[in-house]
Amino acid sequence: MGSRSAEGEQVPLTDEYDALISTTDVELLKRAWRNEKAAPEILRFESDLIIRVREQIELMEETVEEKSTVGTDPLSVSLYQMDLDRTLFLLRSYLRIRIQKIEKYMFHIRKTEELWNRLSKDEKFFTERCTDDLKKHLEESVLSTLPENYQSYERQSVISEEVDMVPEPRLDTFVLCRSKEYLTGIQLEDGPVDDRSKLFEMEPDVLYFICYKSIKPLVESGKIDLL
């Protein structure tokens, strides 16, 4: 048995169930966690999702406490607790990964508007405090003792044309990914120069190992998941 789609076709209940499971907030958090873990740069903070997940965690904690108090079967309580622990792990790991990226690329993130706008309010406050404190520490402990031409924390010397002392994420890193739909017209950013004019196609649910820079917009739009 099953329901009918908008076109009148029969849709198996198992497909409906799989579609429902794949769009639950916990699964969406898992997807955001995988993307953040695999991406070389910091991605957009999933603010709405995180708010919903935190609300669900509070509800789950209340449920576990209530069932433990009224003498519910211990096995049932343990299953609720496992779901709670799994959700807490995903949330904490997701936030921890983002903090680690901020600590590594804090100066680059703060001066890059695109990346700065991806941070949450708390992350922006954390980044500002870290960059200000580290800059002050470098100036007082190291830079002030160097010749005037070498007192920049961004450049090796005042004559340097580029900001060559601030770490930046490597967008040419290769990542494992999977597309949700058929995609075409992907411009490859790696390989011989003569081959870069060729457009690449991706089939849905097929694993690809590809340069992150080539699929960066598709990851941001949610059309491709990193693994």
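**Notebook: surface, elements and one sheet**

I began with the outside: the protein chain has an accessible surface of about 14,800 Å², and carbon and sulfur atoms hold 53% of that (Shrake-Rupley method, 1.4 Å probe; for residues, only the protein chains shown count as cover).

I note that this is a predicted model, where local features need pLDDT of at least 70, side-chain atom pairs count only at pLDDT 80 or more, and totals for chains, interfaces and linings use all residues. Residues are numbered from 1 along each chain as its sequence is written, and side-chain values use heavy atoms, with hydrogens and water left out.

Next I looked up burial: 30% of the 227 residues count as buried, meaning under 20% relative accessible area with a 1.4 Å probe, protein chains only.

Then I listed the elements and found seven helices and seven strands. These are DSSP runs numbered from the N terminus: helices are H or I with at least four residues, strands E with at least two. Their order is β-β-α-α-α-α-α-α-β-β-β-β-α-β.

I picked out an open sheet of three strands, ordered β6-β3-β7 and antiparallel; two strands pair if DSSP finds at least two bridges between them. Its edges are β6 (207–211) and β7 (224–226), each pairing on one side only. I noted an average twist of 45° from one strand to the next.

Between β3 (residues 174–179) and β7 I found three bridges. Cys177 has Leu226 in β7 as its bridge partner.

Last, I checked what packs there: helix α2 (residues 25–38) touches β3 and β7, contact being heavy atoms within 4.5 Å.

Technical notes
Buried means under 20% relative accessible area, exposed over 50%, partly exposed in between (1.4 Å probe, protein chains only). Axes are lines fitted to C-alpha atoms, for helices over the stretch in contact, and angles run from 0 to 180 degrees between N-to-C directions.
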